[in-house]
Amino acid sequence: MQFFQQHILSILVFWPLVGVFVLVFLKKEDASLIKWWSNFVMIAGFLLSVPLWFWFNFDNADQMQFVESVPWIQTLGANYHVGIDGISLLLVLLTTLLGPLAVLSSWDAIENRLKEFYVFMMLLQTGMLGVFISLDFFLFYVFWEVMLVPMYFIIGVWGGPRKLYAAIKFFLYTLVGSVLLLLGILALYFTYPSIAAQHPEIAQAFGTSYTFDVLAFQAIGSYLPFNFQYWVFLALFVGFAIKVPMFPFHTWLPDAHVEAPTAGSVILAAVLLKMGTYGFLRFSLPILPDGTKYFVPLMIGLSIVAIIYGALVAMMQPDMKKLVAYSSVSHMGFVTLGMFALNPNGLNGSVIQQINHGISTGALFLIVGIIYERRHTREISQFGGLSNVMPIYAIVFLIMTLSSIGLPLLNGFIGEFTIMMGALQENLWWAVVGGSGIVLGAAYMLWLYQRTMFGKIENPSNEKLLDMNLRELATLVPLIIMAFWIGLYPAPFFKALDKPVNKIVAKVRPDYFQGAPRLAAEREGDRR
Amino acid sequence: MGQFFQMQDLGAIAPELELVAFGMVLLLADLLIEEKRKLGIIALIGIAFSGFFLFRLRAIEFPAYGGAMVVDHFSTFFKLVFLIGAGLSIAISLKYLDIERENHGEYYALILFSTMGMMFMAGAVDLVTLYIGLETMAISTYVLVGFLRSNQRSNEASMKYFLLGAFSSGILLYGMSLLYGLSGSTRFSNIAAALAQRPESDPISLLAMITLSAGLFFKIAAVPFHQWTPDAYEGAPTSITAFMSVAVKAASFAMMVRIFMVAVYPLRLHWVAIMGAVSVLTMTVGNIAAITQSNLKRLLAYSSISHAGYILIGFIAGNETGLTAVPLYLLIYTFTNIGVWSIVVALRRKGIIGEHIDEMGGLYFRHPAAAVLMLIFLLSLAGIPPTAGFIAKYYLFAAAIETGHNLLAVIAVLNAAISIYFYFRIVVAMFMRDATEKTGLTYSPGLVTALGVALVFTVWIGIYPDPFIAMARQAALMAF
């Protein structure tokens, strides 16, 4: 047990690889065995991750826990160094929860080349978990890139009619971002020793030789010259912003979502996008505080554009999946808005909203997938009055719609409300313009719901539609539970976030907790 | 200076001598042995023996032949790369030559002679030794490129390669003669000392450096001296293309390191500027041209051009990281590229050329192992972790950032991203198109071994590169 507790993160990350290893030896004709095994592996992966929640010390949520550190490439100073704090705890659990749901949802949807599909899903799981637990920038980068290949195949092999285009677009976009990110990492890597040498407390904690240790980088953050921070922030920004995606780097997203199979979309929306925002939180903000503050107006501007633009475009979509995809752009705009408000409320809301987005958008993609499996179309105009034949489906869809638009008692409200508080604290207009996005969000989601669910059935092919079966329900019930949990009793989540978020704020705005001036004023005084 | 020839000098060139001996034996055995594949085995034994002698020299450094060449970690490292490249190329040739119906004994002898020439290039610290090594390698390779005598493309490729190669050797010689005129010596160290004495921007030194660079750029196929590459790579027997793209390329880079980091080092400020432009052009033109190719061999030829562009970054950085990156990159590139070419060789079957990208169509469905291997090698070429190619590229980019060549680093990484596009055209063909060709691939024990070796090292270096980095770093110390 102690071994398990000490190595729980490694076990979580590499467990799917065990699944892959076994899967390779299964016969590809043995479809049901492959499916059972894959679902077993993913669900077991989730169960293995549950103890994290109980063993995690919430009182020290800002400290890295379950840390493992083993030398890896010593000539470079790269270590296998993993650990989680409150923020990564939530994202890790989100990943282990969504992974099995996505796999379970593919039971009937994926009919050909099953074995490869599940192999890629598991590789993806390893890559994503690795990203959230890495405390070594080199290791982080390896995981970050590793998950591109399985995602490429998931879109490119099992996708829709324009799958090849969407897949390579996804790959190229993210790769361009990641290679620039790599250059940013290298710049930090080569700067570290000289800064550490000047500051005995850092040298004592992390040494003065070359290192990729994220915590060491965070320690030198406040001593980096502004010009350096400016460029490195830009390099990291491109890498993370493409992943989020922030406007104007979002154009790969609708293509990838629309063409990807349901499981791919779920993972993409629920987890992959969070890697970008996580990158900002873990690296950009604490390591480059001055660069971050300098770019706040740009970041907020892009976030607001994403909120409004995403919502408006979503409203005009004739395709359900594309609508949800653009709503992702809008929701991720909220996440970045809260983040770059750079105060505890904004950041807390930002992380909660990441989880919420994973839950509600993941669920919406599952819901769209369910109807697509039955009708092989996602055109909104093809549907109408579905609540008559699919009552359970209609209820689930309604809950998730409400969750997505931020109705109180459901999760979306908590996130958006906290973000709005954070934004309001800094600037009235950020909150006002951002808030209008919530209204637009309600408009397109409710309109979608109305057009597909209400009224009479006019399309004869909808008359005989079967309601959700038990398996489909099983993919959605956990998400509904989570939506209500966060909506009704978010305290444990905030408890996990408060301390790490305060730590980030203290890094970026050292005087915030001593009766802080507003961000705008602070930026003026701070520019070196 | 001392005595020109000492007995220990023979020990210094033992690996080379051994290759010559085996080459001679092969030429004789060719008359006696009917089954030519056995000659290939003999050649492999020769490579192994040479490797054994090389292994015995691994830890020592000494000048030989009165300073005309040296045995040092740098030369040993590169000689190892040549032997690996040559050995794996021979392994993939055994069956391939049968299919091409051109199985003649001199093929293996020529590979050994060519490798011997490369070894002298890596060890030479003297213009004359260097040039003799270079020509030994080049002439053997010209013949090998044209080895498919009944094949028009092969003949044409050989002719082109020969003419342009001879031309570039001429330019190189011109630069060398100027250097000799300036310094009165053919030793690299003397040349460097003489150049350091000359006034800055001395036109004659610059002319010497520029002609020398032009000749060298020809040899490594840098843009704008790259036009021979696609033709030569396409026309040559595929096994020889593999050999050229790894061993011949590595030898040219070994020669470049010695010349630029020692002989014309005093002119570094000037050659860095030239090389910066050439590097950017080479990466970009190579990658963009590769996008439009539909012949696998041409596509990979352009990709190999772009790789030469990346490697030049190591020279431009010119610090320890940069010069570690060059040998490391070439070692990794050798394994990865041999892997890729082995698959191309396997595609060549009786009556099927197997060079068009469409002929890879649905490869995964017929030969999943081959397709997955090819995927891994292509990812390595593109520099995606956790394959060895990532470590190679990482080192180059790190060198560029460390020395403040930020713009160059940005261009290089964007190029690396572009390259994904055409590498993945092959992946798309293999995994996402229906099978077009029903016949099986030609596997042979040699080919499978080569693939296995390539795979093991591509993955191993990707996951745990420490020992290889240490070796490359030790080799790089030569320049400091």
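This passage walks through a predicted two-chain model, starting with chain B and ending with one residue of chain A.

Since the model is predicted, local features need pLDDT of at least 70 and side-chain atom pairs count only at pLDDT 80 or more, while totals for chains, interfaces and linings use all residues. Residues are numbered from 1 along each chain as its sequence is written, and chains are lettered from A, with ligands numbered from 1, in the order in which they are written.

Chain B is built from 20 helices and two strands (DSSP runs numbered from the N terminus, with H or I of at least four residues for a helix and E of at least two for a strand). Its C-alpha trace spans about 65 × 55 × 40 Å along the principal axes. The radius of gyration of chain B is 21 Å, which agrees with the value near 23 Å for a compact globule of 480 residues; this radius is taken over C-alpha atoms, and the globule rule is 2.2 Å times the number of residues to the power 0.38. Of the 480 residues in chain B, 60% are buried. Here, buried means 20 or more other C-beta atoms within 10 Å of a residue's own, exposed means 12 or fewer, and partly exposed lies in between, with C-beta atoms placed from the backbone. As for contacts (C-beta atoms, placed from the backbone, within 7 Å), 80% of those in chain B with a separation of 6 or more join residues 24 or more positions apart.

Two helices of chain B can be looked at one by one. Helix H4(B), residues 73-100, has 28 residues and runs 39 Å from first C-alpha to last, close to the expected 40 Å; the expected span is 1.5 Å times one less than the number of residues. H4(B) nevertheless has a kink of about 40° centred on B:Leu94, where the bend is the angle between axes fitted to the seven residues ending there and the seven starting there. Most of H4(B) is covered, with 25 of its 28 residues buried. Just past the end of H4(B), B:Arg101 adopts a positive phi of about 55°. Helix H14(B), residues 320-347, also has 28 residues, and its end C-alpha atoms lie 41 Å apart, in agreement with the 40 Å expected. In H14(B), 27 of the 28 residues are buried.

Next comes the meeting of the two chains. Here 24 residues of chain B are in contact with 22 residues of chain A. On the chain B side, H17 (388-402), H18 (406-432) and H20 (466-476) each supply at least two residues, and H18(B) gives the largest share, 12 residues. That side of chain B divides into 22 nonpolar, no polar and two charged residues (nonpolar: Ala, Val, Leu, Ile, Met, Phe, Trp, Tyr, Cys and Pro; charged: Asp, Glu, Lys and Arg; polar: the others, Gly among them).

Chain A is divided into domain 1 (1-287) and domain 2 (307-528), with bounds from an automatic or database domain assignment. The domain centres, taken over C-alpha atoms, are 22 Å apart. The contact takes 42 residues from domain 1 and 37 residues from domain 2. On the domain 1 side, helices H4 (86-109), H12 (252-259) and H13 (262-287) of chain A each supply at least two residues. This side splits into 29 nonpolar, nine polar and four charged residues.

Finally, A:Glu373 sits in helix H16 (residues 344-375) of chain A. A:Glu373 counts as partly exposed because 13 other C-beta atoms lie within 10 Å. Leaving aside residues up to four places away in sequence, A:Glu373 touches A:Asp108 and A:Ala109. A:Glu373 and A:Thr262 are 111 residues apart in sequence, yet their C-alpha atoms are 9.4 Å apart in space.

Conventions: Contact = placed C-beta atoms within 7 Å.
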